[in-house]
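Q: Could you take a close look at the aromatic ring pairs in this predicted model? I would like to know how the rings are arranged and where they sit.

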Amino acid sequence: MNGAESVVRSLHAAGTEVCFANPGTSEMQFVDALDRTRLIHCVLGLFEGVVTGAADGYGRMAGKPAVTLLHLAPGFANGAANLHNARKGRSPVLNLVGDHAVRHARYDAPLTADVAAAVAPFSDWVGTGTAAATLARDAMAGLAAASGHPGGVATLILPADLGWEEGGEIAPPLPAAAPRALEDGALDRAVALLGPGCLLLVGGTVLERPEALALAAGIADRTGAEVMAPGSNRRLEMGRGRVEIARIPYPIDLALGTLARFDRAVLVEAVEPVAFFAYPDRPSLLLPPGTRVETLAGRDQDGPAALAALADLVGARAATPPDAARPVAPQAGPLRDDALSMAIAAAIPDHAIVIDERLTRAQSAMRFAQGAGPQSWLSITGGSIGIGIPLAAGAAIACPDRPVVALQADGSAMYTLQGLWTQSREQANVTTIILANRSYEILKGELMRVGANPGPTALDMLDLRRPELDFVQLARGMGVPAVRVEDAAELHRAIAAGVREPGPMLIEAVLV
């Protein structure tokens, strides 16, 4: 058995089921091992950003890592943007990155680069194989690092000769890190801050467990505090029968206004809110100056358990979710924001997975969807746009029995549009709604926030016309059925039909 086969067999024995890949020559021994063993489902991405984004979506929904197979430093670099999102979201991912054979590296061949330096900023754990006999052991260390609470990005660098050399040995799985214990006195300090004027900010695994969200709302009801979530989260469970929770808005002035009423904050698997960027005459930290902040549970600690202990101390019970109104399909009319939001929310089926890369449009969709059936919402966690289409593919592969609805801004769709081909090849049950406003609308807002007075050249750089993108033709060219709609009622019917049909579909919603 060679080193590559020992890695594949060990990963499979440890529970790894899927490999998202865009391999090259230095990974051919792993391609061969995956073929000979037939133990792990292999999913091809036509660009490394699709591979890494899909692995992120899979990890968020499966609760365990998929493996990626990437080619040297340039291949990893192509996938780094979506690994940035995965790392910020604490999604579990294990990257296998091929490198030149040890004896070849000194000759500075065209693809030679410092792989370890390239992967370090996007990885929580980095390892490099040193011998065929220990390659599987290295892979088990990386898998454990990716699987520890709350998840992380691990990258194992694999020199090509170690993969083809004989002497590989199966390695047993290693224990993943459990949540770190709460700090002494953290509960008492949190209790002392709770009350009117206190923000209870919950994130991470709290948002993925409806019972933990209900308990957070119960604590707020009991103490007079207000519970909120960060603006971007790897997964949020919501919908009918689940507690609705407000999120901190993205625009800095809205965020500052939302948080201005608090003078104390208790954080549970969350960090102190910070602006995405620095702006003239605006602070970086979003809570008012002088706010007393206490971390009850950090992101590497058990937030749901911390909330349970906090509820016991204050005598709180889980809140009962109110009956939210079911979303109503809109009447015929142009796709202005409320009609667009209503069309989406009313068409979301029970137990859907919703991929949220809306950015600037359909801003009320999440609020309207609270009255729909139970849903999982996955958002862009690191701000690196272009994750929606591959994230949807990975989520659909992790949960083939659940429909996926992807809300996708048109500009960021073009970053990883090749993911539609992967959706088609895998017959993933994804309905993608392209929100076509023909511009980088979010950047127009950023221009204003930095005090610019943009002229025609600046605005032209943010415009997606001349020529206009035709997403219907682009999707069909990659094997995905597609339609274009300009009417709200028609959009609702198209989404409802798309989620009922197996396989992928794309709807280009032309906005006004």
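A: Phe76 is buried, since its relative accessible area is 1%, a value that falls under the 20% cut-off for that class. Its ring pairs with that of Phe122, and because the centres are 6.3 Å apart while the planes stand at 55 degrees, the pair is tilted; an angle over 60 degrees would have been needed for edge-to-face. This pair links distant parts of the chain, with Phe76 in helix α4 (residues 72-89) and Phe122 in the loop between α5 (115-119) and β5 (125-128), 46 residues apart. Phe122, for its part, counts as partly exposed, with a relative accessibility of 23%.

The model holds four aromatic pairs in total. Another of them joins Phe20 and Tyr58, whose ring centres lie 6.1 Å from each other and whose planes meet at 65 degrees, an edge-to-face arrangement. Here too the pair links distant parts of the chain, since Phe20 belongs to strand β1 (residues 18-21) and Tyr58 to helix α3 (residues 48-62), 38 residues apart. Phe20 has a relative accessible area of 2% and is therefore buried, and Tyr58, at 3% relative accessibility, is likewise counted as buried.

Elsewhere in the chain, Tyr250, Phe276 and Phe277 come together as one aromatic cluster.

Methods:
Residues numbered from 1 in each chain as written. Predicted model: local features only at pLDDT ≥ 70, side-chain atom pairs only at ≥ 80, totals over all residues. Heavy atoms only, no water. Phe/Tyr/Trp six-rings, centres within 6.5 Å; stacked < 30°, edge-to-face > 60°. Helix = DSSP H or I, 4+ residues; strand = E, 2+ residues; numbered from the N terminus. Buried < 20%, exposed > 50% of the residue type's maximum accessible area, 1.4 Å probe, protein only.
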